[in-house]
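User: Got a minute to go through a structure with me? I have a few quick questions.
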Amino acid sequence: MLQNDSLTGSSILSKENIIDDYRLACESRQVSLLGRKDTMGGRSKFGIFGDGKEVAQIAMARAFRRGDFRSGYYRDQTIEAALGNLSWQQFFAQMYAHADLLHEPNTGGRSMNGHFSTRWLDENGQWLDQTQLHNSVCDISSTAGQIPRAVGLAYASKLYRANKDIQNLTTFSNQGNEIIFATIGDASTSQGMFWEAMNAVGVLQVPLLTSVWDDGYGISVPIKYQTTKASISKALAGLQRNEDEPGIEIITVNGWDYPALIETYQRAAALCREEQVPVLIHVTELTQPQGHSTSGSHERYKSKQRLNWENDHDCNRRFRNWILQNGYATDEDLELIETEAKETAHQSRNQAWQSYRKDLDKEYLATIQLLQNAMHESAFASEISNIVLELSKTYLPVRKDMVSSIRKALRLMGSEEHKSRTALLDSLHNSLKENEKRFSTHLYSNSADSPLLVKAVEPIYSENSPTVDGREIIRSYFNALFERDPRVLALGEDVGMIGDVNQGMAGLQEKFGELRITDTGIREATIVGQGVGLAMRGLRPIVEIQYFDYIYYALATLTDDLATLQYRTAGGQKAPLIVRTRGHRLEGIWHSGSPMGTMLSSLRGMHVIVPRNFTQAAGFYNTLIKGDDPALVIEPLNSYRQKEILPDNISEICLPLGVPEVLRQGKDITIVTYGSMCRIVMEATVQLQQLGIEAEVIDVQTLLPFDIHSSIIESIKKTSRVIFADEDVPGSASAYMMQQVLEKQNAYRWLDSAPATISAKDHRPPYGSDGDYFTKPNMDDVLETAYRIMRESDPVLYPELF
């Protein structure tokens, strides 16, 4: 009698499917084994594989439908192969970092192996039909980093189901019937992101099906040191839903039990899809036959008893025994499948390697020939001969070896003039250009929807334009935005009922409903993750970090996931999320809002916008909504109650990114600043004028991008002196601005005085007006710094102030 006859005869557990699943499990195991050999043999830099998880992943893939999403991690090779997203040749191409999308479409060789993604964008950067794809969000290596965005991907399904106004977006959703499959290793569930996300989805009740692959270890650390009760399902038991209270459905299943896994995933997916209930499947008793990665052997930290247990509980071995016991195949049948799986793996590996080396070997031979030609024409023939010898001895030479050899030869030849040197120069320039395309493109959008292409629309004022608080400006803008674009939604702490803590969205939830303006818990990482997932699915979320200083809670998600998305997929995926926050209050350690340098260092791939008032903020929001890049907007916290004139066309204003504005003309000294510092600098210029100094004030408006037309140098040509002023710590954003202007724009050539920076103290500002005054830049500091520079040039005209 069959051991699981209740499942026999179903379309899922037909004999044909069972045999196909075993074949795939064998192939996946074989590519893992070969992958490790390739790394140890020097063909790849590193290897990390999904061996030991094959059967559970096949079961998960059986429940996956077109339009669903995987937000997983770097051991999901079997899932991707089962869904048809990954060929084994592509698997090896990624191991070799083959920077050609035809061979490695996941990341174009930019990510190490095991980082898979579906290309959602065509060659022009426009969205493809996600409902026809088995969608995989590009993996990241940061442990648990895939979980925050999974919250948003699942929340999008809930919104598409509940909000009829967006159900016309049929290339992004089939009325919300998609579910999201998140995967995570058991040790990574110790991360705060995971716990925050589980709490969030329990509250939101969204269709997220999370699989925890539990092989008992986090690299070398056993589960008893990782998780309370040594079980994530037991530790999460308080989130288990019941008849009276919503929550999460928690299921445990052994990772070697094929029929139980099939049944579990079918049942869990149906519950998730039909009832929009979050589900967690704790897949236990998994193994890692090759250990964590190619960095070392698991025999260093696993006992012989454990290793024997893993051998006995290997999922492929158990699957094989189950097939034999139930009569689905004979031993000879399975041996043939296993042999064919080895052949398939070897063939895929060889094809990938040959494709990878084809162009490299061609370039290598061409480089050798160019260098040999140079030997015959150069006075440094002996030295170039040594370069050729060194290159010829290089094991598996790659482009860096060839380019480095050419550079060495050119440095030797100096100013020699002959054909071979010209040929080497041409080769070098062509190589640098091609490798720029291979490795440094798609940091930002290249599509027709790039926010850099949005045309400026100036504000229009009339006699009837009222003067109102800044908060009324931004509220009027958001009201118009939500009226015209049903894709736009806002979420964050206190944005809903009270309309955010500074009233920028006052009354909008009542008007547009909770689906559009949504309060969240205090959980910055998953607020941003929620926004990332929504933006990936065609919506235009604006998520709020209540105060800029709290952005550190979400920084890992911003920098590891959102900011790198277009780059690490080589233009294959995007998430045009707007993160809204507020800073520059000028008082208090936790509300000063000035860690700009951290953002500039961490968020390349996002735009960083620093408006000085709310008319500007509205113009930048409009530009970003029309574009398709992610951005961080830091509103000036101390300007919500400052008066501004409300433009008649507040809903149409668009401000260009990367274009500074001259706030005040001057001939003596240039002061470059942004945000709330503009007001302080402008106050200083009034007193400077009384002292006979005409300062020119420039508001950079955006830090990323920064002055794309190199206009600031024109001011410095006129004044020959410059100050860079901001509220960040010394050597941070002020130093960044100085580098952009003096180095990138070569403005140092026009200086008659040393450039100066004005910044805060090394520490965060203490609370209170005195603490602020003595630790952050103030009007007196700006005035005296400018005066000191002018006094250096003419001490008679500008005597000591005191």
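Analyst: Sure, we can take helix packing, a serine and the cysteines in turn.

User: Is this an experimental or a predicted model?
Analyst: Predicted.

User: How do α10 and α11 pack?
Analyst: The angle is about 145 degrees, and the axes are 10 Å apart. Helix α10 covers residues 315–325 and helix α11 covers residues 331–377. The crossing of α10 past α11 is right-handed.

User: Which residues meet there?
Analyst: From α10, Arg320, Ile323 and Leu324. They meet Asp331, Leu334, Glu335 and Glu338 of α11.

User: And by class, what has the contact of α10 with α11?
Analyst: There are 4 charged residues, 3 nonpolar and no polar.

User: New topic. Where does serine 32 lie?
Analyst: In helix α1, residues 15–40.

User: Is serine 32 buried or exposed?
Analyst: Buried, because its relative accessibility is 0%, and the cut-off for buried is under 20%.

User: What is serine 32 in contact with, leaving aside neighbours within four places in sequence?
Analyst: Phe49, Gly50 and Asp51, plus Gln77 and Gln290.

User: Now cysteines. How many disulfides in the whole structure?
Analyst: The search finds 0.

User: Why no bond for cysteine 26?
Analyst: The closest cysteine sulfur belongs to cysteine 315, and at 10.0 Å it is too far for a bond. A disulfide needs the sulfur atoms within 2.5 Å. Cysteine 315 is likewise in no disulfide.

User: Are those two buried or exposed?
Analyst: Cysteine 26 is buried, at 8% relative accessible area. Cysteine 315 is buried too, at 1% relative accessibility.

Notes: Residues are numbered from 1 along each chain as its sequence is written. This is a predicted model: local features need pLDDT of at least 70, side-chain atom pairs count only at pLDDT 80 or more; totals for chains, interfaces and linings use all residues. Side-chain values use heavy atoms; hydrogens and water are left out. Axes are lines fitted to C-alpha atoms, for helices over the stretch in contact, and angles run from 0 to 180 degrees between N-to-C directions. Helices (H or I, at least four residues) and strands (E, at least two) are DSSP runs, numbered from the N terminus. A crossing is left-handed if the near helix is turned anticlockwise from the far one by less than a right angle, and right-handed if clockwise. Contact means heavy atoms within 4.5 Å. Ala, Val, Leu, Ile, Met, Phe, Trp, Tyr, Cys and Pro count as nonpolar, Asp, Glu, Lys and Arg as charged, and the others, Gly among them, as polar. Buried means under 20% relative accessible area, exposed over 50%, partly exposed in between (1.4 Å probe, protein chains only).
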